[in-house]
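Work through the following exercises with the structure open beside you. Try each task before reading its solution.

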Amino acid sequence: MTTSDITPFEISVPETILARTRSRLSLYDDLPVEVVEEDDPWARGTPNAEIDRLARYWRDKFDWRTVEARLNAELPQFTTKIDVDGFGAFDVHFVHATSKAEGAIPLIFVHGWPGSFLEVSKILPLLVDANGEGNGEKGTQSFHVVAPSLVNFGFSQGCVKPGFGVDQHAEVCHKLMLKLGYDRYVTQGGDLGYFTTRFMALKYPGHVQAQHINMAIPAEPTATSHAELFAECQSTPLNAWETAAAGRSVHTMRTGLGYYNIQATKTQTIAIAVTSSPVGLLAWIYEKLHGWTDGYAWTEDEVLTWVCIYAFSAAGPEASMRIYYEETNRAGESSVAVAQRDSGDVKVGVSQFPAELTPPRELWLHTLGRVVFTKQHARGGHLAAWEVPELLVDDVRATVERVGGVSF
């Protein structure tokens, strides 16, 4: 693979798009009638008061150009062409920061929905430079970090051909690492990044040396599939963390999957809503930013930066939702089942956070393969790289340290 077409990139949203967004926001003046559940104002979705506050801030105070300049200054960004079997070539946007530390390891960070490459911004300096002095602390692992915008997300090209799913995302990420000269590397991912990096480990085991995940959906061990592990589960009571996690899982399954069912079945309907209305897009995404974190205190600028990455994305805000439809209509074995396969020689580390959507028992994690590290944290949620970056980075390092003996 040639590296000649790797091009430096700076975010520069056309003024016409900003003007159109401002025009639509200028018309904002009301919201639908609201039924309020006194014990839980978020029970029926994002409260009017929250959206009114954020929409008015977006309209009157938020300065995208300032955010744009900061992201360009802080994140070394590039684009390149990646060929995907059966789908053609795509312009792929990515962050790539190299470490000055001796023995730095290549790592690819893969985001999910409603995330983006933006999620890497807090963990990037911690991973690249272990001690913050430009050379990495001796004995503390540093990394060369790659963080792509997945196809249909951020500033990567979109795909309108049906069937572009997790297999293709894994192919893009692997080929990107090879193109950058990283034949062996480690991965980190949650949400869609969990599925993508699990597929990478299964498809490219000679290249993926270890993976760290902060969302895991392991299979429940049975007497047939994992006899010894099943027996251990039967004889080991749930700890306090797991008891609370079980309640969280029940709550998510009962009240938190409306977005999934819509995006997995009638993607085009919600696409029209989020494309035509910036306030509609704000409500759709902010509900998840609030509900999937562990009481994280989002600022207006943070929320709107996340939303604007979608609003100003190369493929449009609706493109990111297509993966739900594609995977729901996937032929053969489901992506959940594929990701649950034993990853063989690829070592696995798992971080568990209490506000994750459906946190599993720790023992179940061992069905994923050669699990070398697990940790149940006291705080944090689904968007760990943004919410608790230090904890996530510590766990990535702990996973790599326990792999040992691998040459990069």
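Angles between helix axes run from 0 to 180 degrees between N-to-C directions, and each axis is a line fitted to C-alpha atoms over the stretch in contact. The model used in these exercises is a predicted one.

**Exercise 1.** Determine how helix α5 and helix α6 are oriented towards each other, and describe the residues of their contact.

Solution. Begin with the geometry: helix α5, made of residues 166-179, packs against helix α6, residues 192-203, at an angle of about 70°, and their axes are 8 Å apart. Next, recall that angles of 65 to 115 degrees count as roughly perpendicular. The two helices α5 and α6 are therefore roughly perpendicular to each other. Then look at the residues that meet: α5 contributes Val166, Asp167, His169, Ala170, Cys173 and His174, while α6 contributes Leu192, Phe195, Thr196, Phe199, Met200 and Lys203. Sorted by class, the residues of this contact between α5 and α6 are seven nonpolar, three polar and two charged.

**Exercise 2.** Classify the crossing of helix α2 and helix α11, and state which residues make the contact.

Solution. First, locate the two helices, α2 at residues 48-60 and α11 at residues 278-291, whose axes come within 10 Å and cross at roughly 130°. This angle makes α2 oblique to α11. The crossing of α2 past α11 is right-handed. On the side of α2 the contact is made by Glu50, Ile51, Arg53, Leu54, Ala55 and Trp58, and on the side of α11 by Pro278, Val279, Leu282, Ala283 and Tyr286. Counting by class, the contact of α2 with α11 has nine nonpolar and two charged residues, but no polar ones.

**Exercise 3.** Which parts of the chain does the salt bridge between arginine 53 and glutamate 300 tie together, and are its two residues buried, partly exposed or exposed?

Solution. Start from the general idea that side chains of opposite charge can pair when their charged atoms come close. In this pair, the side chains of arginine 53 and glutamate 300 meet in a salt bridge, with 3.0 Å from N to O. Arginine 53 belongs to helix α2 and glutamate 300 to helix α12 (residues 300-311), so the pair ties together parts that are 247 residues apart in sequence. For the accessibility, arginine 53 counts as partly exposed at 32% relative accessibility, and glutamate 300 counts as partly exposed at 25%.

**Exercise 4.** Describe two further salt bridges, that of arginine 44 with glutamate 37 and that of arginine 59 with aspartate 60, and give the exposure of each residue.

Solution. The side chains of arginine 44 and glutamate 37 meet at 2.7 Å, N to O. Arginine 44 is exposed, with a relative accessible area of 59%, whereas glutamate 37 is partly exposed at 29%. In the second pair, arginine 59 and aspartate 60 meet at 2.9 Å, N to O. Here arginine 59 is partly exposed at 29% relative accessibility, and aspartate 60 is exposed, with a relative accessible area of 51%. The structure holds 21 salt bridges.

**Exercise 5.** Place glutamate 68 in the structure and decide whether glutamate 68 is buried or exposed.

Solution. Glutamate 68 lies in helix α3, which covers residues 64-74. Since buried means under 20% relative accessible area, glutamate 68 is buried, with a value of 7%. Beyond its neighbours within four places in sequence, glutamate 68 is in contact with Ile11, Ser12 and Val13. Finally, a network of salt bridges links Glu68 with Glu15, Arg22 and Arg65.

Conventions. Residues numbered from 1 in each chain as written. Predicted model: local features only at pLDDT ≥ 70, side-chain atom pairs only at ≥ 80, totals over all residues. Heavy atoms only, no water. Helix = DSSP H or I, 4+ residues; strand = E, 2+ residues; numbered from the N terminus. Parallel < 35°, antiparallel > 145°, perpendicular 65-115°, else oblique. Left-handed = near helix turned anticlockwise from the far one by under 90°. Contact = heavy atoms within 4.5 Å. Nonpolar A, V, L, I, M, F, W, Y, C, P; charged D, E, K, R; others polar. Salt bridge = Lys/Arg side-chain N within 4 Å of Asp/Glu carboxyl O. Buried < 20%, exposed > 50% of the residue type's maximum accessible area, 1.4 Å probe, protein only.
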